[in-house]
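Please open the structure in your viewer and keep the selection panel at hand. The stops below each give something to select and then say what is there.

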Amino acid sequence: MDYIPAKHLLHRSRSTEWFGTDHTMNIYRGCCHGCLYCDSRSDCYQIGEFERVRAKADALHILRDDLARKVRPAFIGMGSMSDPYNPFEEELQLTRHALELIDAYSCGVTIATKSDLIVRDMDILTAIRGHSPVVCKLTVTTADDALAAKLEPNAPSPSCRLAALEKLSGAGLFAGVLLMPVLPFLEDSDEGVLAVVEGAARAGARFIYPAFGVTMRQGQREYFLEGMERAFPGQGLKERYLRQYGDRYQCASPRARTLWRVFTDACQKRGILYDMKSIIRAATWSYGDRQLTFFD
C-alpha cells in the first residue's frame, strides 16, 4: 500500500441535497473494482493510475483533528470518490477506525459501497445510530451477476451486496440501494430494473435511489467505451453510444421516462422510498432538534 499526503480528510459539501450530508470524506484514493462506467476516473478529478488504491497518510490523526475543530457534529458522506471498503480495507481497517472516531465525536455518517465488507462494521454503525443518522447505500446497477461481472469485474457480486443489505436492514440500520448508473442499451429494460427492486425489497431496503442513464466525460468516456467494446464484442455499443450521445456528459437512457414510471410504481407497491427529500427525512427525523443542523 502506498500513502499520499493530505492536509484534511473532511471537506464541507456545497449543499445538503445528497442524503443530507454536510461533509465528505475519502480515506482512500483510487479504486480497484474496475467498473467500466466510474465517473471518478474522469480527467477533471486528476486521479492518476485510478485502478491503484492509495491511502491518505496519517489519515486517522488528520480526521481526529478535523473532527475536534467542528463546533457541532458533522454528517459525513463516505464513498463519493473511492469505495471505503476496497479489498485492502479488510487488513488496514482505516474505514473501521474512522467510524470509531465518527462515533466518538457524535457525528452521523452515510456510506456508499459495492462491498459486503461493510457488514463487518455493523457494531460501530449501530453505535453511531444511537446518537446520529446512519445511511448505508449499496450500489446495485443490475441483479444479474453475470452481467455485473463484465461491468464491475473486481467488485463483489450483486448477490453478495444484496445479502449484505439484508444483514444491515436486519440489524435495524437505515439501508438501501443506489440504482446507478442504469446503462443505456444494456441495463435499461423494465425487467432489469424490476429485478433490482424485487431483490432490494426482499433484502429489506428502506430506499432505492436511481439514475436511468450514465455520465461520460473526458478520460472516463474513452475508458468506458473501449471497455464496453471488449466486454461485449460485436454488439456495436461504442458506435451506438457515440451516435446517441456524442460528447455529452449527462446521457439519459432513451427509456428513462418509461423506466421511471415502472420503477416508482414498483417502489410504491412495496413501500420503498425513492425521492431524495423523503429519504433524508426518514433517515434523520428521529434525531429531534439536531436534525436542523443537517440542513444549514
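Begin by selecting Y28 together with A55 in this predicted model, where A55, a residue of strand β5, is the bridge partner of Y28. Extend the selection to the whole of β4 (28-29) and of strand β5 (residues 54-56), and you will have two strands that pair in the antiparallel sense over two bridges. Adding β1 completes an open sheet of three strands, which are arranged in the order β1-β5-β4 and whose pairing is mixed. Here β1 and β4 are the edge strands, each of them pairing on one side only.

Stay with β1 (residues 2-4) and pick out Y3, which lies in that strand. Is the residue buried or exposed? With a relative accessible area of 46%, Y3 falls in between and counts as partly exposed. If you now select M1 and F88 as well, you will see that these two residues and Y3 form a nonpolar patch on the surface, whose accessible area amounts to about 290 Å² together.

**The parallel strands**

Next, select strand β8 (residues 134-139), which is mostly covered, six of its six residues being buried. In a regular strand the side chains alternate between the two faces of the sheet. To follow the two directions in β8, colour V134, C136 and L138, which point one way, separately from V135, K137 and T139, which point the other way; all of these are buried.

With β8 still displayed, add strand β7 (residues 108-113), which pairs with β8 in the parallel sense over five bridges. Within this pairing, V109 is the residue that stands opposite V134 of β8. Include helix α4 (residues 122-129) in the selection, and the path through β7, α4 and β8 can be followed as a right-handed β-α-β unit.

Then add strand β9 (residues 174-179), which runs parallel to β8 and is joined to it by five bridges. Which residue of β9 should you label as the bridge partner of C136? The residue to label is A175.

**Salt bridges**

Side chains of opposite charge can pair when their charged atoms come close. The structure holds 15 salt bridges, and the following selections visit some of them.

Select R217 and D39, which form a salt bridge whose closest N and O atoms are 2.7 Å apart. This pair links distant parts of the chain, since R217 sits in the loop between β11 (213-215) and α8 (220-231) while D39 sits in the loop between β4 and β5, 178 residues apart. The two ends fall into separate classes of burial: R217 counts as partly exposed at 22% relative accessibility, whereas D39, at 18% relative accessibility, counts as buried because the limit for that class is under 20%.

Move on to R255 and D190, another salt bridge, in which the closest N and O atoms are 2.8 Å apart. Here too distant parts of the chain are linked, with R255 in the loop between β12 (250-252) and α10 (256-270) and D190 in helix α7 (residues 190-202), 65 residues apart. R255 is partly exposed with a relative accessible area of 30%, and D190 counts as partly exposed at 21% relative accessibility.

For the next pair, select K238 and E226, whose side chains meet in a salt bridge with an N to O distance of 2.4 Å. The pair connects helix α9 (residues 237-245), which holds K238, with helix α8, which holds E226, the two residues being twelve residues apart. K238 is partly exposed, its relative accessible area being 23%, and E226 counts as partly exposed at 35% relative accessibility.

To end this part of the tour, select E89, R96, R120, D121 and D123 together, as these residues are linked in a network of salt bridges.

**A last stop in helix α10**

Finally, select T264, which lies in helix α10, and display its side chain along with the backbone of W260 and of R261. T264 is buried, with a relative accessible area of 9%. Which backbone atoms does the side chain of T264 reach? The side chain of T264 reaches the backbone oxygen of W260 at 2.8 Å, and it also reaches the backbone oxygen of R261, in that case at 3.3 Å.

How values were computed:
Residues are numbered from 1 along each chain as its sequence is written. This is a predicted model: local features need pLDDT of at least 70, side-chain atom pairs count only at pLDDT 80 or more; totals for chains, interfaces and linings use all residues. Side-chain values use heavy atoms; hydrogens and water are left out. Patches are made of residues with over 30% relative accessible area and no salt bridge: like charges are joined within 9 Å, nonpolar side chains (Val, Leu, Ile, Met, Phe, Trp, Tyr) within 5 Å. Accessible areas come from the Shrake-Rupley method with a 1.4 Å probe; for residues, only the protein chains shown count as cover. A salt bridge is a side-chain nitrogen of Lys or Arg within 4 Å of a carboxyl oxygen of Asp or Glu. Helices (H or I, at least four residues) and strands (E, at least two) are DSSP runs, numbered from the N terminus. Buried means under 20% relative accessible area, exposed over 50%, partly exposed in between (1.4 Å probe, protein chains only). Two strands pair if DSSP finds at least two bridges between them. A crossover is right-handed if, with the strands pointing away from the viewer, the path from the first strand over the helix to the second runs clockwise. A polar contact is a pair of N or O atoms within 3.5 Å; within protein, one must be able to donate a hydrogen and the other to accept it, and residues adjacent in sequence count only if both atoms are side-chain atoms.
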